[in-house]
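The following exercises concern ring pairs, charged pairs and burial in a predicted model. Please work through each task before reading its solution.

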Amino acid sequence: MAEEPDRAIVSLNAINQKAPYHVLFKESQPNVLQFITDKGLIYNITFVVDRTLVLSNIFQLVIEEALQMHASHDPKIEQTIIAIVEDFFSDKERVLSFVCDTKGAHEVARNLLFHKWFTKYNKKELLKNRWCRTC
């Protein structure tokens with residue numbers, strides 16, 4: 001993990017002031033962040049440019065536990081991801097697309113978690129549209 005890249009999509013300084021886990025850029029990649037939990041789980045948070053629409057400033061959010069281990073409930077993971085997403089939205093022109101991965105048939109649970117986080121942390125500044133075949 002390395003220092004903040006030149007074209008970083010978020011500010012590590014702002015994130016680390018709020019996040020309970022220390023967040024770094026993974027290998028100087030301006031769109032991939034990483035943090036390690038108290039139990040040694042490694043989370044990668046990736047912002048991928050979404051080119052499915054003609055609009056600019058649309059990104060997909062990918063949350064991945066790199067070791068593919070089952071994570072027990074840890075509120076610090078949620079708080080860290082929210083700190084990252086809040087900083088992402090410091091640019092009010094950005095759109096975030098969250099796709100619930102069907103791996104392990106947990107897409108419904110992932111969708112419910114996303115909805116819970118959106119409801120809990122949205123300060124009436126964000127809008128949500130939902131397209132889901134199975135949720």
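**Exercise 1: a charged pair and its burial**

At 15% relative accessibility, arginine 94 counts as buried. Determine which residue forms a salt bridge with arginine 94, and classify the exposure of that residue.

Solution. The partner of arginine 94 is aspartate 91, with the closest N and O atoms 3.7 Å apart. This separation satisfies the criterion of within 4 Å. Aspartate 91 has a relative accessible area of 28% and is partly exposed.

**Exercise 2: a bridge between helices**

Identify the residue with which glutamate 86 forms a salt bridge, and state which parts of the chain the pair links.

Solution. Glutamate 86 pairs with lysine 18, the closest N and O atoms being 3.4 Å apart. Glutamate 86 belongs to helix 2 (residues 75–88) and lysine 18 to helix 1, so the bridge links distant parts of the chain, 68 residues apart. As to exposure, lysine 18 is exposed at 56%, whereas glutamate 86 is partly exposed at 27%.

**Exercise 3: stacked rings**

Decide how the ring pair of tyrosine 21 and phenylalanine 35 is classified.

Solution. The ring centres are 5.8 Å apart and the planes lie at 10°, so the pair is stacked. Planes under 30 degrees apart meet that class. Tyrosine 21 lies in the loop between helix 1 (12–18) and strand 1 (24–25), and phenylalanine 35 in strand 2 (residues 32–36); the pair therefore ties together parts 14 residues apart in sequence. Phenylalanine 35 also stacks with tyrosine 43, at 5.3 Å centre to centre and 10° between the planes. Phenylalanine 35 is buried at 1% relative accessible area, and tyrosine 43 is buried at 9%.

Note on methods. Residues numbered from 1 in each chain as written. Predicted model: local features only at pLDDT ≥ 70, side-chain atom pairs only at ≥ 80, totals over all residues. Heavy atoms only, no water. Phe/Tyr/Trp six-rings, centres within 6.5 Å; stacked < 30°, edge-to-face > 60°. Helix = DSSP H or I, 4+ residues; strand = E, 2+ residues; numbered from the N terminus. Buried < 20%, exposed > 50% of the residue type's maximum accessible area, 1.4 Å probe, protein only. Salt bridge = Lys/Arg side-chain N within 4 Å of Asp/Glu carboxyl O.
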